[in-house]
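Here are my notes for a first read of this model. Keep the structure open beside you and follow the points in order.

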Amino acid sequence: MSGHNKWSTIKHKKGAADAKRGKIFTKIIKEISVAAKLGGGDPAANPRLRTAIDKAKGENMPKDNIERAIKKGTGGMEGVVYEEIIYEGYGPAGVAVLVEVMTDNRNRTVSEVRSIFTKCNGNMGEAGCVAWMFDKKGLISYDKSVDFDQLFEAALEAGADDVVEEDEQIEVYTEPSSFIEVRDALETKGFKFQNAEVTMIPQTLVALEGKQAESMLKMMDRLEDCDDVQNVYANFDISADEMEKMM
């Protein structure tokens, strides 16, 4: 399993995504509204909004929900002011953890996040303590059935940084600013992606097993289950064999 994409792979195998679809919708709607408020309601002129809408469509969110979220944002979102914050800290065995939140109550959110860290054998740190361990990148994933050489050539021609063949998929990396352009160029050439997002890629990985692996997965689950948390990134690695033992 691909290291940086470990958590999304694990969630898929656990079947957790469908069980939490309601929470996924809530988080995406919040992101759409804030993106529309900050950059306007036209996705063609607002890359952040377009990315959020694409994510919503990928989760089969009804069109009406998307349109309401945009209107809520462009209407000023009266009565609600969201603050975007990144919390940093450490999980079991010193795993670096980044937590992106969108909240209307900073005190409530930091208390909830700190409690999760503590209960899962981790601890919150100061701003900047682990952010330097991650690089912000566009990531576009394709099924292994795609012709690697053809995708490689097309991706570099479109402006991608790199193309890597992993055990379960082929991954195209881009700068965040060229993410949408590269993704669309490849789609135009017939390459259908499995997943596409701007994410945080860890520079190194920490291998976990046994109780530490269990605690780390529990932390990720609880953080993502928090209403104010939008995204969680961590630099842990759990082998396929170890995952089989825990399933």
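1. Begin with helix H8, residues 179-188. The model is predicted. The cover over the buried residues of H8 includes helix H4 (47-58), helix H7 (148-158) and three strands: S4 (134-143), S6 (169-174) and S7 (195-202). Which residues of H8 are buried? They are Phe179, Ile180, Val182, Arg183, Asp184 and Leu186. Note that Arg183 and Asp184 are on that list. After H8 comes Gly190, with a positive phi near 95°.

2. Now look at the sheet beside H8. Four strands make an open sheet, and the order is S5-S6-S4-S7. The pairing is antiparallel. Strand S5 (162-165) and S7 are the edge strands, and each of them pairs on one side only. On average, neighbouring strands here are turned by 30° against each other, direction ignored.

3. Check one pairing in detail. S5 and S6 run antiparallel and are joined by four bridges. Find Asp162, then look across to S6: Tyr173 stands opposite. As background, strands of a sheet pair through backbone hydrogen bonds, either parallel or antiparallel.

4. Two helices pack on this sheet. H7 touches S4, S5 and S6, and its direction makes about 160° with that of S5. H8 touches S4, S6 and S7. The direction of H8 makes about 10° with that of S4.

5. Move to the other sheet. How many strands form the open sheet that includes S9? Four do, in the order S3-S1-S2-S9, with antiparallel pairing. S3 and S9 are the edge strands; each pairs on one side only. S1 and S2 are joined by eight antiparallel bridges. Strand S2 (residues 96-103) also runs antiparallel to S9, and five bridges join the two.

6. Use Glu100 as a landmark in S2. Ile86 stands opposite Glu100. Asn231 in S9 also stands opposite Glu100. Trace these residues to step across the sheet. S9 spans residues 229-234 and is mostly covered, with five of its six residues buried.

7. Two helices pack on this sheet as well. H6 touches S1, S2, S3 and S9, and its direction makes about 20° with that of S1. H9 touches S1, S2 and S9. The direction of H9 makes about 160° with that of S9.

8. Helix H6 deserves a closer look. H6 covers residues 106-119, 14 residues in total. From first C-alpha to last, H6 reaches 20 Å, close to the 20 Å expected at 1.5 Å a residue. Which residues of H6 are buried? Thr109, Val110, Val113, Ile116 and Phe117 are. They lie on the same side of H6, because they cover an arc of only 125° around the axis. Asn107, Thr118 and Lys119 are exposed on the other side.

9. What covers the buried residues of H6? The cover includes strand S1 (83-90), S2, strand S3 (123-124), helix H9 (210-225) and S9. Beyond the helix, find Asn121, which follows H6 and has a positive phi near 60°.

10. Compare two neighbours in H6, starting with Thr109. Is Thr109 buried or exposed? Thr109 counts as buried because its relative accessibility is 0%, and the cut-off for buried is under 20%. Beyond its neighbours within four places in sequence, Thr109 is in contact with Tyr87, Val101, Thr103 and Asp228. One of these contacts stands out for a check: the side chains of Thr109 and Asp228 are joined by a polar contact of 2.6 Å.

11. Next, take Arg108, also found in H6. Arg108 has 32% relative accessibility, so it counts as partly exposed. Not counting residues up to four places away in sequence, Arg108 touches Thr103 and Asp228. The side chains of Arg108 and Thr103 make a polar contact of 3.4 Å. In sequence, Arg108 and Asp228 are 120 residues apart. In space, their C-alpha atoms are 9.4 Å apart.

12. Finish at Asp228. Thr109 is in contact with Asp228, and Arg108 touches Asp228 too. Display these residues together, and add Thr103, which Arg108 touches and Thr109 contacts.

Definitions and conventions:
Residues are numbered from 1 along each chain as its sequence is written. This is a predicted model: local features need pLDDT of at least 70, side-chain atom pairs count only at pLDDT 80 or more; totals for chains, interfaces and linings use all residues. Side-chain values use heavy atoms; hydrogens and water are left out. Buried means under 20% relative accessible area, exposed over 50%, partly exposed in between (1.4 Å probe, protein chains only). Two strands pair if DSSP finds at least two bridges between them. The expected span of a helix is 1.5 Å times one less than its number of residues. The arc is that of the directions from the helix axis to the C-beta atoms. Contact means heavy atoms within 4.5 Å. A polar contact is a pair of N or O atoms within 3.5 Å; within protein, one must be able to donate a hydrogen and the other to accept it, and residues adjacent in sequence count only if both atoms are side-chain atoms. Axes are lines fitted to C-alpha atoms, for helices over the stretch in contact, and angles run from 0 to 180 degrees between N-to-C directions.
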